[in-house]
Amino acid sequence: MTPPPAAAARLDSAELPLPEKKSVARNAPARADRPFKGIALILASTIFLGTSDVTAKYLSATLPSIEITWIRFLTFALIMSPAMLPGSPLFALQTARPGLQLMRGAALLASSLFFISGLRFLPIAEASATGFVSPLFVTALSIIFLGEKVGLRRWIATGVGLVGVIIILRPGSGAFHPAAFFPIVSALAWACTLVMTRMLSGSERAITTMTYSSIAGVAILTALVPFVWVTPSWHDILFGILIGVASTAGQWIVVLAFRYGDASVLAPFSYTQLLWVSILGFLIFGELPDGWTVTGAAFIVASGLYTAHRERVRTSRLPIEAEPSPNA
């Protein structure tokens, strides 16, 4: 049984139950329903994640995407290193599902790599708006891997989101760039990451999931980076570390946010990241999103908001024990 969000949120601090308490352990604890705290944390996370994306675009002018992503994941792994050391109070490599953990790490890596690759060629507002189609992919993947049922209205919302993507990309026009597919592939990989996170969240601690993600990312990228290596300057290294710190902080804050509210409540506020990247994109790169990007983003956001609303309606009709854990 998948526990409610509060149950998954307490995995970091929960002690193993004694044998005589097994019957008690089956009962999920009450939800930590503090949506305003969750919303505040989501808003804070968008600042960190937006900063990471803008810095990655800036660095893409001098370093290959694989190398930027490698520095990001190396920083991520260094931050998580206390959880890799046996004997450390933070040791978190115990897992019953190492294969799924490593697959999730590979999906997270793919999401980062394809998005950074797109930033090299696309305005950051356009890439970010396109990347927000991940809830549409989650809808489809949840049917296959989580056995969820999706009604007609959610499929219509998914179609509206796809219309938004088409408006932004404008295939067949002179404004279309083949690199526009990179954020879409990134969104698909991120959707896979979220689905696997939900599969893991009932039995795995958040720190364990993040640690395995850092290990998988560093291992794969260390094998790839020699083929594209460009010696970075100290300036490049410092910005690369900033990307790693900001993205890790943003991801961790998201995990904390979902301890205090449902995904259906918090998801709409994640769209404020579009505002931050648009502002920073204008200040740093002189990029202003055109009318097509704004219109397409409006379709995508409207689709995401309605999908979140339908999810909230669906979960409100279920017993608390049956609510999915959105610890993504």
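# Briefing on an all-helix chain

The chain has 14 helices and 0 strands. The model is predicted. Read from the N terminus, its elements run α-α-α-α-α-α-α-α-α-α-α-α-α-α. The chain counts 328 residues, and buried residues make up 49% of them. The points below cover a nonpolar surface patch, a salt bridge, aromatic pairs and a few single residues.

**The nonpolar surface patch**

- A nonpolar patch of about 970 Å² lies on the surface, made by Ile47, Phe48, Tyr58, Leu275, Trp276, Ile279, Phe282, Leu283, Ile284 and Leu288.
- Two elements each give two or more residues to this patch: helix 3, which spans 35–59, and helix 13, which spans 272–285.
- Helix 13 supplies the largest share of the patch, with 6 residues.
- One of the patch residues, Ile279, belongs to helix 13. Its relative accessible area is 37%, so Ile279 is partly exposed, since that class runs between 20% and 50%.
- The C-alpha atom of Ile279 is 9.0 Å from that of Ala125, although the two residues are 154 apart along the chain.
- Leu288, also in the patch, is found in the loop between helix 13 and helix 14, the latter covering 291–316.
- Leu288 counts as exposed because its relative accessibility is 63%, and the cut-off for exposed is over 50%.
- Between the C-alpha atoms of Leu288 and Ser278 the separation is 7.0 Å, with their positions 10 residues apart along the chain.

**Lys57 and its partners**

- How many salt bridges does the structure hold? The number is 1.
- That salt bridge joins Glu287 and Lys57, whose closest N and O atoms are 3.6 Å apart.
- Distant parts of the chain are linked by this pair: Glu287 sits in the loop between helix 13 and helix 14, Lys57 in helix 3, and 230 residues separate them in sequence.
- Lys57 has a second partner in Phe285: the charged end of Lys57 sits over the ring of Phe285, at 5.5 Å from the ring centre.
- Is Lys57 buried or exposed? Lys57 is buried, because its relative accessible area of 10% falls under the 20% cut-off.

**Aromatic pairs**

- A pair of aromatic rings is described by the distance of the centres and the angle of the planes.
- The count of aromatic pairs comes to 5. Two of them are described here, Tyr58 with Phe239 and Trp70 with Trp229.
- In the pair of Tyr58 and Phe239, the ring centres are 5.1 Å apart and the planes meet at 55°, so the pair is tilted.
- Tyr58 is in helix 3 and Phe239 in helix 11 (residues 234–257), so their contact ties together parts that lie 181 residues apart in sequence.
- Both residues of this pair are partly exposed: Tyr58 has a relative accessible area of 36%, and Phe239 has a relative accessibility of 28%.
- Trp70 and Trp229 make an edge-to-face pair, with 5.8 Å from centre to centre and 80° between the planes.
- This pair also links distant parts of the chain: Trp70 is in helix 4 (residues 65–80), while Trp229 is in the loop between helix 10 (206–224) and helix 11, 159 residues apart.
- Trp70 is buried, with a relative accessible area of 18%, whereas Trp229 is partly exposed at 40% relative accessibility.

**Two buried polar residues**

- Where is Ser128 placed? Ser128 is part of helix 6, residues 124–131.
- With a relative accessible area of 3%, Ser128 is buried.
- The side chain of Ser128 reaches the backbone oxygen of Ile124 at a distance of 2.9 Å.
- Gln251 lies in helix 11, the helix that also holds Phe239.
- Gln251 is buried too, because its relative accessible area is 15% and the cut-off for buried is under 20%.
- A separation of 9.0 Å lies between the C-alpha atoms of Gln251 and Met210, which are 41 residues apart along the chain.

How values were computed:
Residues numbered from 1 in each chain as written. Predicted model: local features only at pLDDT ≥ 70, side-chain atom pairs only at ≥ 80, totals over all residues. Heavy atoms only, no water. Patch = residues over 30% accessible without salt bridge, like charges linked within 9 Å, V, L, I, M, F, W, Y side chains within 5 Å. Areas by Shrake-Rupley, 256 points an atom, 1.4 Å probe, with all protein chains shown as cover. Salt bridge = Lys/Arg side-chain N within 4 Å of Asp/Glu carboxyl O. Helix = DSSP H or I, 4+ residues; strand = E, 2+ residues; numbered from the N terminus. Buried < 20%, exposed > 50% of the residue type's maximum accessible area, 1.4 Å probe, protein only. Phe/Tyr/Trp six-rings, centres within 6.5 Å; stacked < 30°, edge-to-face > 60°. Lys NZ or Arg CZ within 6 Å of the ring centre and 35° of its normal. Polar contact = N/O pair within 3.5 Å; in protein donor to acceptor, adjacent residues only side chain to side chain.
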